[in-house]
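Work through the exercises below with the structure open beside you. Try each task before reading its solution.

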Protein chains: 2
Amino acid sequence: MYDLLRAHILKRVNLTDEEFARCTTFFVPRKLRKNQFLLREGEVCTSLAFVVKGCLRCYSVDDNGEEHIVQFAIEDWWISDPYSALTREPSEYTIDALEDSELLLLEKSAEQRLLQEIPKFERLFRLLLENRFVANQRRIAATLSTSAEERYLSFLRSYPAIAQRVPQSQIASYLGITPQSLSRIRKGLSEKG
Amino acid sequence: MYDLLRAHILKRVNLTDEEFARCTTFFVPRKLRKNQFLLREGEVCTSLAFVVKGCLRCYSVDDNGEEHIVQFAIEDWWISDPYSALTREPSEYTIDALEDSELLLLEKSAEQRLLQEIPKFERLFRLLLENRFVANQRRIAATLSTSAEERYLSFLRSYPAIAQRVPQSQIASYLGITPQSLSRIRKGLSEKG
DNA sequence: CGATTTTTTGAATCATATCAACGTACGTGG
DNA sequence: CCACGTACGTTGATATGATTCAAAAAATCG
C-alpha cells in the first residue's frame, strides 16, 4: 500500500526509513468505487489525496451543466483542490472516481502536524504545487495556440496511460471540445496514417 | 519604494517592523524601460520580481512566431517563471515591460537566505503560488467553457486596471483570439449598450 | 441476451481566423 | 509646430474548424 508513496517521495526528497515510517502514520487509506465522490462542489476540500490505484478526475460544471475536466489523476499522482484546502472556501470543483480506486488521504490537520515533525515535506509539497502550476501554464499556452487536433496528439504523448483508460468523452472534456469533434479528429488522424 | 511591498506582505503574514526591515535587505531595486526584458526564452529564471510601478507581461512564442500571454503584472503583483526558478531549467517564457517599470527583485540565493532568516516567508510564497495556481485553473475552465466575448467581459471584470492600460492586441493575445476578433467583439458589445 | 452508454456519422449552422485594406493616433525629427 | 512614419485599431469578404441536433452503429455491462 505504501510502497508507491515511498518511491514517489524518495524521488523528490531524501527521507530516512524512520522518517518515512513516521510519515505514513499521517495518511489514511480510503477506497472509492467508480463514480463515488471525493469532493463535491460547494464542500471545503480538507485533504490531499495520493492515488495508489485507479483513476480520478477533477472538474467544474458550467452554467449549462457541462463538465470541464481540469485534471485527471492515476497511480502515483496527487489530487485535491489546493485553493479550497488553503483558504477553507467552498470548492468550485468536483472530484470523483472514473474507476474503483485506492487513495492515501492526508487530512489538513495531519498535514500541519506532518510539516512540523518533518519539515522536509515543505519542500515536497512546494515541488508538487510548482509542478501542477507548470502543467497548467503549459496547458493554457497550448489551448491558446494550438488546434484541437494538436492538443489531442499532445495529450496522447503526455499522458498515454490516461488516454488508454478513460472514455473518449472524458478526454474531449479535458481538451475543451465535444465528443463528436474528437471522434472526427480521430477519424482524420487514422485516415492520414 | 518599499511601502507597497510592506503593505502587500502585511496583508498576508504578520511581520514585525524589524523583520520587515531585514527582509528589505534581500531585495534589489531594478528599473526597466518599456520593451526591455526581464527574462528571455532559454534563460534560467533566477529571480522573483515584485512590481512597484509599471506593467510587465510573460508570454510564450509558438512555432508560428505568435506570442501568447500567460500573465500580466502591474503594481502590487509578482512575476517570474517559478518552474524555471525551481528546476534551473531554461525558461520557455519571455518576460518584458509594457511600460517603464520599477521592480524589487528577489534573487534565488537571497530568497533562500530570506527563508532561513524569516521562515514566515515560506507561508507567504506558498500563498502566492497557490493564488497563481488558482488563477490559472480558473482560466483553463473559462477557456474550455466560454465564448471569446464572455472571456473578454470576465477579463474586464477581473482586471479592470490592466484592461485600461495595455494595448488591445495584448488583451487579445491573453484571451487567445486575434486582435481583429477582439475589435469585432467590442463593436458588438457597444452596439448592445 | 437485452439495456444502456459510448462512439460515429451526416447536415446545417455558428464563431473565429485569415487576408487585405483602410483609418486613426501618437511621437519624433526636420 | 507640422509632416511623416509607425503602431494600433477597424472593417469587409471569405474560409475554416468546431458545434449542434439528430440518428445510427458499436461497445459495455448486468
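The exercises treat a predicted model, and each task is followed by its solution in steps.

**Exercise 1. The two protein chains**

Task: Determine how chain A can be laid on chain B, and which C-alpha of chain A is nearest the axis.

Solution.
- Step 1. Superpose the copies. A turn of 180° with a shift of 0.0 Å along the axis lays chain A on chain B, at an RMSD of 0.0 Å.
- Step 2. Name the relation. Because the operation is that turn and that shift, the axis is two-fold.
- Step 3. Find the C-alpha in chain A nearest the axis. It belongs to A:Phe133, 2.6 Å from the axis.
- Step 4. Compare the contact surfaces. Both copies use the same surface, and 100% of the contact residues of chain A recur in chain B.

**Exercise 2. The contact between chains A and B**

Task: Count the residues in the contact and find which element of chain A gives the most.

Solution.
- Step 1. Count each side. Chain A puts in 24 residues, and chain B puts in 24 residues.
- Step 2. List the elements of chain A that supply at least two residues each. They are strand E5 (67-74), helix H3 (82-87) and helix H5 (120-145).
- Step 3. Rank them. H5(A) gives the most, with 15 residues.
- Step 4. Sort the chain A side by class. It holds 10 nonpolar, seven polar and seven charged residues.

**Exercise 3. The surface near each DNA strand**

Task: For DNA strands C and D, identify the nearest residues and the elements that supply the surface.

Solution.
- Step 1. Start with DNA strand D. It has 16 residues around it, and A:Ala148, A:Ser181, B:Gln168, B:Ser169 and B:Ser183 come nearest.
- Step 2. Assign elements for strand D. In chain A, helix H6 (148-158) and helix H9 (179-192) each give two or more residues; in chain B, helix H8 (168-175) and helix H9 (179-192) do. The largest share, six residues, is from H9(B).
- Step 3. Turn to DNA strand C. Of the 16 residues around it, the nearest are A:Gln168, A:Ser169, A:Ser183, B:Ala148 and B:Ser181.
- Step 4. Assign elements for strand C. Helix H8 (168-175) and H9 contribute from chain A, and helix H6 (148-158) and H9 from chain B, with two or more residues each. H9(A) gives the most here, with six residues.
- Step 5. Classify the residues. The surface near strand D has four nonpolar, eight polar and four charged residues. Near strand C there are four nonpolar, eight polar and four charged residues.

**Exercise 4. Packing of H6(A) and H9(A)**

Task: Are H6(A) and H9(A) roughly parallel or roughly perpendicular, and which residues meet?

Solution.
- Step 1. Take the axes. They come within 10 Å and cross at roughly 80°.
- Step 2. Classify the angle. H6(A) is therefore roughly perpendicular to H9(A).
- Step 3. Find the contacts. A:Ala148, A:Glu149 and A:Tyr152 from H6(A) meet A:Ser181, A:Leu182 and A:Ile185 from H9(A).
- Step 4. Sort them. The contact has four nonpolar residues, one polar and one charged.

**Exercise 5. A sheet in chain A**

Task: Give the strand order of the four-strand open sheet and name its edge strands.

Solution.
- Step 1. Read the order. It is E1-E8-E3-E6 in chain A, with antiparallel pairing.
- Step 2. Find the edges. Strand E1 (27-32) and strand E6 (78-79) each pair on one side only.
- Step 3. Inspect one pair. Strand E3 (residues 47-53) and E6(A) run antiparallel and are joined by two bridges.
- Step 4. Locate facing residues. A:Phe50 is opposite A:Trp78 of E6(A).

Methods:
Residues numbered from 1 in each chain as written. Chains lettered and ligands numbered in written order. Predicted model: local features only at pLDDT ≥ 70, side-chain atom pairs only at ≥ 80, totals over all residues. Near = placed C-beta within 6 Å. Nonpolar A, V, L, I, M, F, W, Y, C, P; charged D, E, K, R; others polar. Least-squares fit on C-alpha atoms with pLDDT ≥ 70 in both. Contact = placed C-beta atoms within 7 Å. Axes fitted to C-alpha atoms, helices over the stretch in contact; angles between N-to-C directions. Parallel < 35°, antiparallel > 145°, perpendicular 65-115°, else oblique. Pairing = 2+ DSSP bridges.
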